[in-house]
Amino acid sequence: MSNYKTINPATGELIREFGALADSEVEGVLARSGQAYNRWRRESVERRASVLARAAELFEERTEELAAVLTEEIGKTLAAARGEIKTVIGIFRYYSTTAVKQLDGEELDVAGPGRARLRLDPIGPLVGIMPWNFPYYQVARFAAPNLLLGNVIILKHASNCPQSAVMFESLLRDAGLPEDAYINVFASHDQVAQMIADDRVRGVSLTGSEGAGARTGELAGRHLKPVVLELGGSDPFIVLEDADIEKAAKDAVAGRLVNNGQTCTASKRFIVVDDVYDEFVEKFVGGMSQVPTGDPTDPATVLGPLSSESAVKDLEEFVADAVANGANVETGGERLEGPGSYYPATVLTGVTETARAYREELFGPVAVVYRVPDEQTAIELANDSPFGLSSSVYTSDVDRAERISAELEAGMVWVNSVSKSSAELPFGGVKRSGVGRELGEVGLTQFANQKLVRVFEDAN
Ligand SMILES: O=CCCC(=O)O
């Protein structure tokens, strides 16, 4: 047996274990993937798009079954699980329809006679390393554009969502994807490193922690392979004096608690100007302290368990460290008694620069609120982070927000809204939040051979 297992975080019960890939099987995976690439890339675009379209239909038909597995494996509320699957359907639909025209390539303006075109061709088998927090969506945003392009995939999923990993693979097969064009592997880190080093693998995409991203990026660099790295975030949520505070506080609760707080793009640092600080904090703390918490299968639940016991321990350490460094706990702050990995919605104020919570990512339902004198200080504090993924700005002056968005060191800025991913919108960060972009048109180019074809009609 391997460390690939489902442990229900709502109860602590071990549900199912899966066998690991043997070292002797790695070569077979690489060979099969290489052969599948040679066939898949020669299929017509229509055929590749039709497989994606069918995958979207199957995600729709199987929503309840697929959602139940997410809830069992990682404690996602059923409502959130259905929401994740809806996003996945959108991604498969987008890449099977709107994005297809991009494959025609772009006619370029040329100096001199003849013409030139930039084609988008596939590059080969890709390794994907994906996390447990959105087991279908994170895979979909990598797999859908690349399968459309003609690339094939070897996918190593997180060890705590093996059932979701298997279901994703078999759904693609049922949608008509040829065998081996997508291979799920319950592989070790060493085996994945061996795959990345192999000449047949042409690129690597990882969504995960900063540490995993740095190791994977280093390995890919050593072997000159392109990478997409989607890493952590400590997203700022700026509230200015002209914002609708009622809405901002409501959005702040939703933005911090999305996916039980375990989302790279969740709002994490709430930066509020002095004039409206007290009003915002009162409303925000009120909202966080009343969040229905508990059984993720109960439709009334908003905050379910964290994905694992170690996730709870991490948060306990962050909060203890913040308090030791001078922070106040406005609500929450102690794990919930009883079985399951439950941590309450928590708000910290007075977090100092010496606390880990000031710089590191809090991957759970803990919010940090800062008081700042003005807009400029808010921007400086927002940028005083190693991360630069998403961000939010709340103000009734949209021109002001556009100006602030130019100042923010973030890959995404949402005005009067929290971050909400969608198939057509490019996703990604700067600084230690990662490299590259996914989704939208740009998502199709990350592992494409953007090939120049220069044509002179006159052969003489
Ligand atoms: O956890 C990261 C992905 C969530 C999102 O797409 O906003």
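This presentation goes through the annotated span, the salt bridges, a charged surface patch and several individual residues of one protein model.

Good morning, colleagues. Please keep in mind throughout that the model is predicted.

I begin with the annotation. An unreviewed UniProt entry lists residues 4–453 as "domain: Aldehyde dehydrogenase". In the model, that span is 40% helix and 19% strand. The C-alpha atoms at its two ends, residues 4 and 453, are 46 Å apart.

I turn now to the salt bridges. How many salt bridges does the structure hold? The count is 32. I shall discuss three pairs and one network.

The first pair on my list is K451 with D121. Their side chains form a salt bridge with an N to O distance of 2.6 Å. K451 belongs to strand β20, residues 448–455, while D121 belongs to strand β4, residues 115–122. The two partners are 330 residues apart, and the pair thus links distant parts of the chain. Are these partners buried or exposed? K451 has a relative accessibility of 33%, so it counts as partly exposed. D121 has a relative accessible area of 9%; because buried means under 20%, D121 falls in the buried class.

The next pair is R141 with E438, whose side chains meet in a salt bridge of 2.8 Å, N to O. R141 sits in helix α5, residues 137–149, and E438 in the loop between β19 (434–435) and β20, so this salt bridge ties together parts that are 297 residues apart in sequence. R141 and E438 are both buried.

The third pair is E218 with R222. Here the N to O distance of the salt bridge is 4.0 Å. Why are E218 and R222 separated by about one helical turn? They are 4 residues apart in helix α8, residues 210–222, and that is why about one turn lies between them. Both side-chain partners, E218 and R222, are exposed.

Beyond these pairs, there is a network of salt bridges that links E241, D242, E375, R400 and R403. One member of that network, E241, also appears in a spatial comparison with V276. The two residues are 35 apart in sequence, and their C-alpha atoms are 5.7 Å apart in space. V276 is part of helix α10, residues 274–289. Its relative accessible area is 7%, so V276 is buried.

Next, the surface charge. Which residues gather in a patch of negative charge on the surface? They are D314, E316, E317, E334 and E337. Within that patch, E316 is located in helix α11, residues 309–324. With a relative accessibility of 32%, E316 is classed as partly exposed.

I come now to backbone geometry. As background, most residues other than glycine have a negative phi. Against that background, I draw attention to two residues.

D180 is not a glycine, and its phi is positive, near 80 degrees. D180 is placed in the loop between α6 (162–174) and β7 (182–185). Its relative accessibility is 11%, so D180 counts as buried.

N259 also has a positive phi, of about 60 degrees, although N259 is not a glycine. Where is N259 placed? N259 is in the loop between α9 (245–257) and β11 (267–273). Its relative accessibility is 7%, and N259 therefore counts as buried.

Finally, I wish to report two further distances, each taken between C-alpha atoms.

L118 lies in strand β4, the strand that also holds D121 of the salt bridge with K451. L118 has a relative accessible area of 23%, so it is partly exposed. From L118 to G428 the separation is 310 residues in sequence and 24 Å in space.

T97 is in the loop between α4 (78–96) and β3 (106–108). The relative accessible area of T97 is 49%; since exposed means over 50%, T97 is classed as partly exposed. T97 and E46 are 51 residues apart in sequence, with 9.8 Å between their C-alpha atoms.

To close, I return to strand β4 and strand β20, which are joined by the salt bridge between D121 and K451. The loop between β19 and β20 holds E438, the partner of R141 in helix α5. Thank you for your attention.

Conventions
Residues are numbered from 1 along each chain as its sequence is written. This is a predicted model: local features need pLDDT of at least 70, side-chain atom pairs count only at pLDDT 80 or more; totals for chains, interfaces and linings use all residues. Side-chain values use heavy atoms; hydrogens and water are left out. Patches are made of residues with over 30% relative accessible area and no salt bridge: like charges are joined within 9 Å, nonpolar side chains (Val, Leu, Ile, Met, Phe, Trp, Tyr) within 5 Å. Accessible areas come from the Shrake-Rupley method with a 1.4 Å probe; for residues, only the protein chains shown count as cover. Lys and Arg count as positive and Asp and Glu as negative; His and the chain ends are not counted. The place of a charge is taken as NZ of Lys, CZ of Arg, CG of Asp or CD of Glu. Buried means under 20% relative accessible area, exposed over 50%, partly exposed in between (1.4 Å probe, protein chains only). UniProt positions are given in the numbering used here, feature names are shortened, and annotations may be inferred rather than shown by experiment.
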